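Trainee: I would like to learn how to read salt bridges and helix faces from a model. Could you take me through them one at a time?

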Amino acid sequence: MSNTPIDARGYSCPQPVLMVKKAFASQDAAYTVLVDNHAAKENVSRFATHNGYGVSVTEENGEYTLSLAKENA
């Protein structure tokens, strides 16, 4: 399964969501998104969920890693 990395650290919303939206055009089954603020974490998670992706989040030193996986993929 392909896992596309998206580094959105240093960007404020809506830029991280737009980066993920653009990446979704590739129709990969999984993405790893790095963000460094709570608003981006929440907004990307919400966007991914609405687009049929399961989301799991880990946090380390104020940075979040969001693992997005297409449900039923």
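Mentor: Let us begin with one charged pair in this predicted model: the side chains of lysine 41 and glutamate 42 meet in a salt bridge, with 2.7 Å from N to O.

Trainee: Is lysine 41 buried or exposed?

Mentor: The cut-off for calling a residue buried is under 20% relative accessible area, and lysine 41, at 14% relative accessibility, therefore counts as buried. Its partner glutamate 42 is partly exposed, with a relative accessible area of 32%.

Trainee: How many salt bridges does the rule give?

Mentor: The rule, which asks for a side-chain nitrogen of Lys or Arg within 4 Å of a carboxyl oxygen of Asp or Glu, brings the count to three salt bridges.

Trainee: Which residues are linked in a network of salt bridges?

Mentor: The network links Asp7, Arg9 and Glu63. Arginine 9 meets aspartate 7 through their side chains at 2.7 Å, N to O, and the side chain of arginine 9 also meets that of glutamate 63, at 3.4 Å, N to O. The pair of glutamate 63 and arginine 9 links distant parts of the chain, since glutamate 63 lies in strand S4 and arginine 9 in the loop between S1 and H1, 54 residues apart.

Trainee: How accessible are arginine 9, aspartate 7 and glutamate 63?

Mentor: Arginine 9 is partly exposed, with a relative accessible area of 34%; aspartate 7 is partly exposed at 39%, and glutamate 63 is partly exposed at 35%.

Trainee: Now to the helix: what is the general idea behind a helix face, and which residues of H1 are buried?

Mentor: An α-helix has 3.6 residues a turn, so residues three or four places apart point the same way. In helix H1, which spans residues 15-24, the buried residues are Pro16, Val17, Val20, Ala23 and Phe24. Seen down the axis of H1, these buried residues fall within an arc of 125°, so they line one face of the helix. On the other side of H1, Lys21 and Lys22 are exposed.

Trainee: What covers the buried residues of H1?

Mentor: The cover includes helix H2 (38-50) together with four strands, namely S1 (3-7), S2 (30-35), S3 (53-60) and S4 (63-70). Strand S4 thus appears here as part of that cover, and strand S4 also holds glutamate 63, the partner of arginine 9.

Terms used. Residues numbered from 1 in each chain as written. Predicted model: local features only at pLDDT ≥ 70, side-chain atom pairs only at ≥ 80, totals over all residues. Heavy atoms only, no water. Buried < 20%, exposed > 50% of the residue type's maximum accessible area, 1.4 Å probe, protein only. Helix = DSSP H or I, 4+ residues; strand = E, 2+ residues; numbered from the N terminus. Arc of directions from axis to C-beta. Contact = heavy atoms within 4.5 Å.
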